Amino acid sequence: MKYLVTYFSISGNTKKVAEAIFNAIHGDKTIKSIEEIASLKDFDLVFLGTPVMQFGVPPVVRKFIADHADGRKIALFVTHAMLSSSEDPQQKAMLEKELQKCRSACSKSNLIGLFHCQGELSEKMAGELMASNIPMLIEFAGLRPLTLGHPNQVELEQARAYAKVIIAPLQG
């Protein structure tokens, strides 16, 4: 089996998760950003990482998926600034809606898994949200302190465990 871990990361959150997944995989493996990938044809399984931006998959990742992922075996991993463990029903519903958009972006691939965890909302992005004059975005920017330090060691260990679960049935 040949494994690829590829990702799009702006602030470094998704890259951290990609590295954790990569380190959990044994065998023939490669890690690269999506900007470095011309084709997925040489890989049996692709771990594909993306942040959630503007309540969905960033355009560069959507294009990468459309250009390369049809029929490919994909294990998706997603970082977002939302509180993964929130008991707030509105927060849970919003997160599930974002994750569904991520799944939908991979609808033409063979999606075999989805891992997600909280990432740190960058100071720059929080500033842009605050300047938007949109109450919901301003409120979201105010949650930045709760995102600091994410993904944390527990979340990175969960990402490693996800990788092991995904590849276990493929290793015979």
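**Talking through the sheet and its helices**

Trainee: Why is N23 called exposed?

Mentor: N23 has a relative accessible area of 52%, and exposed means over 50%, with buried under 20% and partly exposed in between (1.4 Å probe, protein chains only), so N23 counts as exposed. Bear in mind that this is a predicted model, where local features need pLDDT of at least 70, side-chain atom pairs count only at pLDDT 80 or more, and totals for chains, interfaces and linings use all residues. Residues are numbered from 1 along each chain as its sequence is written, and side-chain values use heavy atoms, leaving out hydrogens and water.

Trainee: What makes residues 13–24, where N23 lies, helix α1?

Mentor: They form a DSSP run; helices are H or I over at least four residues, strands are E over at least two, and both are numbered from the N terminus.

Trainee: How do you know that β1 and β3 pair?

Mentor: Pairing takes at least two DSSP bridges between two strands, and β1 (residues 2–7) and β3 (residues 45–51) have 5, in the parallel sense, so they qualify. T6 stands opposite L48 in β3.

Trainee: What makes β2 and β5 edge strands?

Mentor: The open sheet runs β2-β1-β3-β4-β5, with parallel pairing. In it, β2 (28–33) and β5 (110–118) each pair on one side only.

Trainee: Which strands does helix α3 lie across?

Mentor: Helix α3 (residues 89–105) lies across β4 and β5, where contact means heavy atoms within 4.5 Å.

Key: Axes are lines fitted to C-alpha atoms, for helices over the stretch in contact, and angles run from 0 to 180 degrees between N-to-C directions.
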